[in-house]
Every structure is written in C-alpha cells, then in structure tokens.
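Reader: I should like to understand how the terms used for a protein model are justified. May I put some questions to you once the model is shown?

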Amino acid sequence: MPKGATIELIPVISPDPLPENGKLFHIWTIGCQMNEADSARVAAMLHEAGYRATDSEEQADIVVLNSCVVRQAAEDKVAGKLNSLIREKRARPDMSLVLTGCMVTNQQEKLKERFPHVDLFFDPSDFDSLKHFVPELAEMEDDLETLPHYYLEDVADTAVSAFVPIIYGCTFLCSYCIVPYRRGKETSRPFDEIVSEVRGLVERGVRDVTLLGQTVNAYGHDLPGKPDLADLLRAVGAIEGLDRLRFLTSHPKYMSDRILEAMAEVPSICEHLNLPVQAGDNEVLRRMRRTYTTDLWLDRLARARELMPGITVATDIIVGFPGETDEQFQHTLDVLEEADCDKVHVAMYSPRPGTLSARWEDDVPADVKHARHQAVEDLQVHLCTARNAARVGQTMEVLIDSKNKGRWGGRSRGNTLVHVADDRDLLGSIVDVRITESSPWYLIGEVAGSPR
Ligand code: SAH
Ligand code: SF4
C-alpha cells in the first residue's frame, strides 16, 4: 500500500512536549500507512498507560519496532535495526524491546532464535499481546476497544491528519506479493464504527483523513447488506468539520463508477487517486496475477478524469519481474507516458519466500533492474517538470503540515508538495497558495488570503 511502494522511515511520533514522571516509549516504523496507523494505535495505548513519547531509543523504557517485509530491502533494514539494538539491550536489560509488523506473522519461533534479545513479538493488529506485556496496560480495567486508537495529543503536525484502517488483509494473490500471507484475507470494519471513529477524530481537531486498506475499494463486500466504498465515502465525507478525505490503495478491478461518482460529488473528497498498475504489459500483468489488463487501468483513469478534470493520479510499478523482456518493459514506459501520472512509486522486483513468483527464476540481472528503475524515474521527471511548470500562476488549497528550513510545507488536495515562506504560524491551517515556482517534485508559492 503506498506511500506504500517506496519504503520509507516514517517518524510517526514526535517527542512529547510534556514528559511527566511516566516512563518513555519510542516507536520506529517502516513500511506502509497501515503500519503507521498501527504504530499510532500502539502509541495511543502506551500514552494512556502513562508513558510519554521520546525520539531517543537510548532513553526509552520500551522500544517498539514496526516491521515490513514487502521487499528484501525492508526486511534487511529491520534486521539491521534489531542488531543495532543488541548493545543497548545489554547495557540496559530493563529496557523492553518489542517487534511487531508483517515480519512477525507466523514467524515468531524463527525470530525468537534469530533475535533472542527481543522481549515480545506480536502480530500486527494483535494489540491484546501488548496489553498483557505492559504491566500498566494489564492493570487497566478498560477493554482494548475503548482505549484511544490514535495518538494525537499535543503533536500538532500529526493532529491534523489521521489514517483510519477500514479493511484489513487482502484476498488477491498477486504472484509476487507477501502481504496476503502476513495480513490474512480481506476483512472490512463495520460501517458505523468507522463513521463514528472519524467523527470522534474530527471533534479532536483532525481535518484530514485517509481511509486505508490494501484493497481499500473492495470495502464492504463481506459485510451484511454489502455497503461499498462509495457509500462509506458519502457518509464519512458528510461529517461536518472534515476538510479532506482520501483513500488508498485502490485495486483497478474494484475501481467502480459508483466510487468515482461519489468522489466527484462529495466536496471534501480530494481529487486524488492512488491506483497501482504494477506493469504496462499484459503478459507481465497476467503472470503477476493482477486480474486486469492495461486497458482497464487506462479506462478507469479516463473515467476519473472525465468526472474530475485535473484529478491527480499516483501509481506503483515493479520493474524486473521474472521474464520481463526489454520490449515488455518498453510497454510499461509507453503506458506510463500515455497515463501521465503525477507520482509513480517504482520498485525493483524482489522475490519473497513463499510467494508464487519466488519459484520462478529471478532472471532480470540487477543492472538491468537498476536501468529500468532509472528509466521510469527519468520519464516521471520529464512529465512532472512540464506539468508542474504549467501550475505556476495557479492558486491551490494547501494543508500545512510541516516546517523545514524556515519554510512551511503542505499538500495540495491533489497531494502535490507545496512550500511557502510566511512569518505566521501556519501549522495545521489550510491556506490558498499562489504558485510562483516549480520543480518536478514540488511547488513554491505565497499565501493568498487568510489561513483557515
Ligand atoms: N495492495 C497494493 C500494494 C501493496 S504492496 C496493490 O495491490 O497495489 C505495496 C507495493 O510494493 C506494491 O504496489 C508493489 O509495487 C510493491 N511490491 C510488492 N511486492 C513486491 C515485490 N515482491 N517486489 C517488489 N515490489 C513489490
Ligand atoms: Fe499484494 Fe496484490 Fe493484495 Fe496488493 S492486491 S496487497 S499487491 S496481493
């Protein structure tokens, strides 16, 4: 699931400005937004138990690592992080080290042997284990469900935005993908529970919500009455005070007209679609077991653009899939050029043990994978340079969520990164920004009118 396609270290937790006498926790997260949402929930639980956040693992009484295994590179980073904590654990045996995330599912015995210095392994979303491990949580009478799911307190930059999981797992079996083995089959959360959860978040000051799922647009088919994502978007999108609603990741096969129409009609839903295609060649897609052709994907984009002119599109691409020829890769470049996406998360194929394609020879040499990766990046720089240059002079609505090197940073409704210099405190505000400069990756502008 994107930001999903690129593996990033996500600093979920900023230091708590008001450390009381409580113990300190530190959470390190890698991988997709679902992990980020899980980490936010762990943080909320620990906060409730009297712990306070710290960005230093040396000071923390409990260190939680939230892992990802979608590609070997991610798994290696987690192993590196775990090994780097061996000394810390020796120096401070009382520090608790906890590992969660996709690395843990069905692997606890093996991991215990490999990383004996870890005190607790728990499956993603099995928050009960944590409750029984942390004495302060175990002593609390509260049912797990009544504890807050979101860590928002006093952390201005995360308090405006929240990720809300709506469907867990995945029932597709794309031949390269480990997710279904680690996250189980698709399970939708109850409709009303999601709506009231978002309402609660908005009451606490959240303005921007992203609904999450590996196949977020498959939402509801397993629920009584079979509501779909269109129904949910309309219900959540109508919550007063919610300025921005997004959802990711969508599967092309479930990208129905009903959902696109709901997007077009509900004002709070951002004009942004995250729709991974993975490859632009039908034979490669067939072997990836993606269950659609490039035509279906292009058709869904065309329909979205017809209903919402100017909608931005992000996609994911895997290069160097087993057997991918130069010609097949060229088809991917051609399709990407035709689609003119705003953002492409490109990854080099990485065989994952237990998946179907791991049985096939990983026969595209590393240097060819690198060259294809670069070719996709180069094409995107070319497309985005032109598109962003055309945005100079336009005014965009930007939600400010960070400050870096004296400049405010935020996202447009279409998820484009925009920087502005302004003396006022704009964190958490929505501002109209008149774009003055462009680059392939971001825009620069000045605030027009009052922040709101
Ligand atoms: N559910 C989403 C994506 C989940 S995984 C979808 O269906 O598109 C996030 C991204 O990681 C994928 O989009 C894919 O581009 C990448 N990915 C997954 N498995 C991979 C593998 N074995 N090698 C390289 N990239 C992979
Ligand atoms: Fe993995 Fe495919 Fe499911 Fe996405 S749809 S999580 S790529 S199996």
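Reader: Why does Thr146 count as exposed or buried?

Author: Thr146 has a relative accessibility of 55% and therefore counts as exposed. The terms are set by relative accessible area with a 1.4 Å probe and protein chains only: buried means under 20%, exposed over 50%, and partly exposed in between. Thr146 is placed in the loop between helix H6 (135–139) and helix H7 (156–159). Its C-alpha atom is separated by 36 Å from that of Ser84, 62 residues apart along the chain.

Reader: What kind of model is this, and how are its parts numbered?

Author: This is a predicted model, in which local features need pLDDT of at least 70, side-chain atom pairs count only at pLDDT 80 or more, and totals for chains, interfaces and linings use all residues. Residues are numbered from 1 along each chain as its sequence is written, chains are lettered from A and ligands numbered from 1 in the order in which they are written, and side-chain values use heavy atoms, with hydrogens and water left out.

Reader: How many helices and strands are there, and what makes a run of residues one or the other?

Author: The protein has 15 helices and 18 strands. Both are DSSP runs numbered from the N terminus: a helix (H or I) needs at least four residues and a strand (E) at least two.

Reader: What radius of gyration does the protein have, and with what is that value compared?

Author: The radius of gyration is 22 Å, and a compact globule of 452 residues would have a value near 22 Å, so the two agree. The radius is taken over C-alpha atoms, and the globule rule is 2.2 Å times the number of residues to the power 0.38. Of the 452 residues, 57% are buried.

Reader: Why is Ser268 called buried or exposed?

Author: The relative accessible area of Ser268 is 7%, so this residue is buried. Ser268 belongs to the loop between helix H11 (257–265) and strand S11 (272–274). Apart from neighbours within four places in sequence, Ser268 is in contact (heavy atoms within 4.5 Å) with residues including Gly237, Asp243 and Arg413.

Reader: What makes the pairing of Ser268 with Gly237 a polar contact?

Author: A polar atom of the Ser268 side chain lies 2.9 Å from the backbone oxygen of Gly237. A polar contact is a pair of N or O atoms within 3.5 Å; within protein, one must be able to donate a hydrogen and the other to accept it, and residues adjacent in sequence count only if both atoms are side-chain atoms. The distance of 2.9 Å therefore falls within the limit of 3.5 Å.

Reader: Which class of accessibility does Ser439 belong to, and why?

Author: Ser439 counts as buried because its relative accessibility is 14%. Ser439 lies in the loop between strand S17 (430–438) and strand S18 (443–448), and a polar atom of its side chain is 3.1 Å from the backbone nitrogen of Trp441.

Reader: Why is Ser125 placed in its class of accessibility?

Author: At 32% relative accessibility, Ser125 counts as partly exposed. Its phi is near 75°, a positive value in a residue other than glycine. Ser125 is found in the loop between strand S5 (120–121) and helix H5 (127–133).

Reader: What is the phi of Arg289, and how accessible is this residue?

Author: Arg289 is not a glycine, yet has a positive phi of about 60°. With 36% relative accessibility, Arg289 counts as partly exposed.
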